[in-house]
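Me: I've got a structure open on my screen and I'd like to talk it through with you. Can we take it one question at a time?

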Amino acid sequence: MKTVKIDLGARSYEVRIGRGILGRAGEILPWIEGAQACIVTDQIVAERYLAPLRAALADGGKEVTECVLPGGERDKTLDGVSRIFETMLRARCERGVSVIALGGGVVGDMAGFAAACYQRGAPFIQAPTTLLAQVDSSVGGKTGVNHELGKNMIGAFHQPRRVLADTAVLDTLDKRQFSAGMAEVIKYGAINDAEFFTWLEENIGAVMAREHGELEFIIERACANKAQVIERDEHENASGGGRALLNFGHTFGHAIEAGAGYGNWLHGEAVATGMVMAARMSARLDMIPAEECARLEKLLRAAELPVAPFAGIDADGMLDLMRGDKKVRGGKLRLVLLRALGAAEVVEDYPPEALREIVAQFTAGKSA
Ligand SMILES: NC(=O)c1ccc[n+]([C@@H]2O[C@H](COP(=O)([O-])OP(=O)(O)OC[C@H]3O[C@@H](n4cnc5c(N)ncnc54)[C@H](O)[C@@H]3O)[C@@H](O)[C@H]2O)c1
Ligand SMILES: [Zn+2]
């Protein structure tokens, strides 16, 4: 069992990581102050993991309500959140009800947003069940939904009271989803933790075999890295070295996701290729040596993630999509680049032809 402290003053909390903790009443009951709990989950997760959590709560004398969503990114909408409100209102949930997100990032973002809004703020607990959710989306307090005019455009900051990451549930996660979570794990090494990056290079075999000790370690280390970044910049206000660094690979990645049509690439897959593009750009600007780029590519490949040029988007289309990204300020496209493996920075001053060159190397069709 491992614990990571997220130190945000009055909003501080712990991430507890261990095998089987979701069925352990002692890990969750002390965090449910009132008499009521509402579990929000999706169909796939409900079938496998709802019963033990419900039992742990009911045995502790809690009145449990459940909202089982269809699941999937397409359902991450205001309508989906409305369904959560409806379930809670029908069950006469009071203001002190603890909302528990049992699922991946989609469930976590929706349940968190519902908790932020329900009677102006209900306590929230994260029980993430995908690797991505355990290392990324359950920590940091970003919640929200998609709008047809933009992904994650409606939302609120609402920190959980506790995060319970049960490594046992990762046994049933499909291979592609597991690898997608690994992209974010590798990202923390690349932007903030050189020692962890080297550890991952040496232990990637055991991690991909989902050995429990190794899983606990990478979740702990990823959360500790995310904690370090968000403790400096909880609400993404810093212009340079704050939360923006977590977007390494994401400006490229979001353009790949959008250009290929949402759903064709998993987010982590697009981020993996995006990180390689960002690293190549860093090397092109002489910020890192080419060998460090090669190390990142090799590790991503070992995590069974895509790193190669892709079809379906041309260079101009990709550049347009990148410019539409929210990180463009005053017309300038700010990029998160590496100044070493283990250290990132935001760069806005670079020759535009360098970016065009990198994008052209990865996209099909017309280029510079
Ligand atoms: N709030 C944040 O800071 C933040 C950060 C990163 C990503 N996100 C959001 O997270 C979402 C992606 O999350 P995700 O990758 O977890 O996707 P997801 O929630 O859609 O889960 C992926 C799939 O895995 C299934 N699943 C979940 N746990 C399982 C398990 N243990 N065994 C078998 N199947 C399981 C789900 O039912 C789903 O079909 C996106 O909407 C993204 O915007 C939010
Ligand atoms: Zn991401």
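**Charges, rings and domains**

Reply: Sure, and let's start inside a helix. Glu297 and Arg301 sit 4 residues apart in helix H11, which means about one helical turn separates them. Keep in mind that this is a predicted model.

Me: How far apart, N to O, are the side chains of Glu297 and Arg301 in their salt bridge?
Reply: The cut-off for a salt bridge is a side-chain nitrogen of Lys or Arg within 4 Å of a carboxyl oxygen of Asp or Glu. Glu297 and Arg301 meet that, with an N to O distance of 3.8 Å.

Me: And is Glu297 buried or exposed?
Reply: Buried means under 20% relative accessible area. Glu297 comes out at 13%, so it counts as buried.

Me: Which parts of the chain does the salt bridge between Arg356 and Asp316 tie together?
Reply: The two side chains meet at 2.5 Å, N to O. Arg356 is partly exposed at 25% relative accessibility, and Asp316 is partly exposed too, at 27%. Their positions are 40 residues apart in sequence, so the pair ties together helix H13 (residues 352-362), home of Arg356, and helix H12, home of Asp316.

Me: How many residues apart are Lys142 and Glu236?
Reply: These two form a salt bridge, with the closest N and O atoms 2.7 Å apart. Lys142 is partly exposed at 42% relative accessibility, and Glu236 is partly exposed at 30%. Lys142 belongs to strand E7 (residues 142-147) and Glu236 to the loop between H8 and H9, so the pair links distant parts of the chain, 94 residues apart.

Me: How many salt bridges does a search of the whole structure find?
Reply: Some of them join up: Lys5, Glu14, Arg16, Glu27 and Arg162 are linked in a network. Another one pairs the side chains of Lys226 and Asp136 at 2.8 Å, N to O. The search of the whole structure finds 28.

Me: Let's move on to the rings. How many aromatic pairs does the structure hold, and what kind is the one between Trp199 and Phe217?
Reply: The structure holds 4 aromatic pairs. For Trp199 and Phe217, the ring centres are 4.5 Å apart and the planes make an angle of 50°, so this pair is tilted.

Me: Which helices do Trp199 and Phe217 come from?
Reply: This pair links distant parts of the chain, 18 residues apart. Phe196 joins in as well, since ring pairs link Phe196, Trp199 and Phe217 into a cluster. Trp199 comes from helix H7 (residues 194-208) and Phe217 from helix H8 (residues 212-232).

Me: What about Trp265 and Phe310: what is the angle between their planes?
Reply: Their centres are 5.7 Å apart. Planes over 60 degrees apart count as edge-to-face. Trp265 and Phe310 form an edge-to-face pair, with the planes at 80°.

Me: Where do Trp265 and Phe310 lie?
Reply: Both rings belong to buried residues: Trp265 has a relative accessible area of 18% and Phe310 is at 7%. The pair ties together parts that are 45 residues apart in sequence. Trp265 lies in the loop between helix H9 (250-259) and helix H10 (267-284), and Phe310 in the loop between helix H11 (290-302) and helix H12 (315-323).

Me: Which ring does Lys187 lie over?
Reply: Lys187 is 5.2 Å from the ring centre. The ring whose face it lies over is that of Tyr188.

Me: Now the domains. How much area do domain 1 and domain 2 bury between them?
Reply: The domain assignment gives domain 1 (2-172) and domain 2 (175-362), with centres 27 Å apart over C-alpha atoms. The contact takes 29 residues from domain 1 and 30 residues from domain 2, and 3 salt bridges are counted between them. Of the buried area, 65% is on carbon and sulfur atoms, and the total is about 2600 Å².

Me: In domain 1, which residues lose the most area to domain 2?
Reply: Together they make up 23% of what that side buries. They are Lys2, Leu131 and Val135.

Me: Last one: which residues is His267 in contact with, leaving aside its neighbours within four places in sequence?
Reply: His267 lies in helix H10 and is partly exposed, at 23% relative accessibility. Its C-alpha atom is 9.7 Å from that of Leu132, although 135 residues separate the two along the chain. The contacts are Leu132, Glu184, His250, His254 and Glu257.

How values were computed: Residues numbered from 1 in each chain as written. Chains lettered and ligands numbered in written order. Predicted model: local features only at pLDDT ≥ 70, side-chain atom pairs only at ≥ 80, totals over all residues. Heavy atoms only, no water. Phe/Tyr/Trp six-rings, centres within 6.5 Å; stacked < 30°, edge-to-face > 60°. Helix = DSSP H or I, 4+ residues; strand = E, 2+ residues; numbered from the N terminus. Buried < 20%, exposed > 50% of the residue type's maximum accessible area, 1.4 Å probe, protein only. Lys NZ or Arg CZ within 6 Å of the ring centre and 35° of its normal. Domains from an automatic or database assignment. Contact = heavy atoms within 4.5 Å. Buried area = accessible area lost by both parts, 1.4 Å probe.
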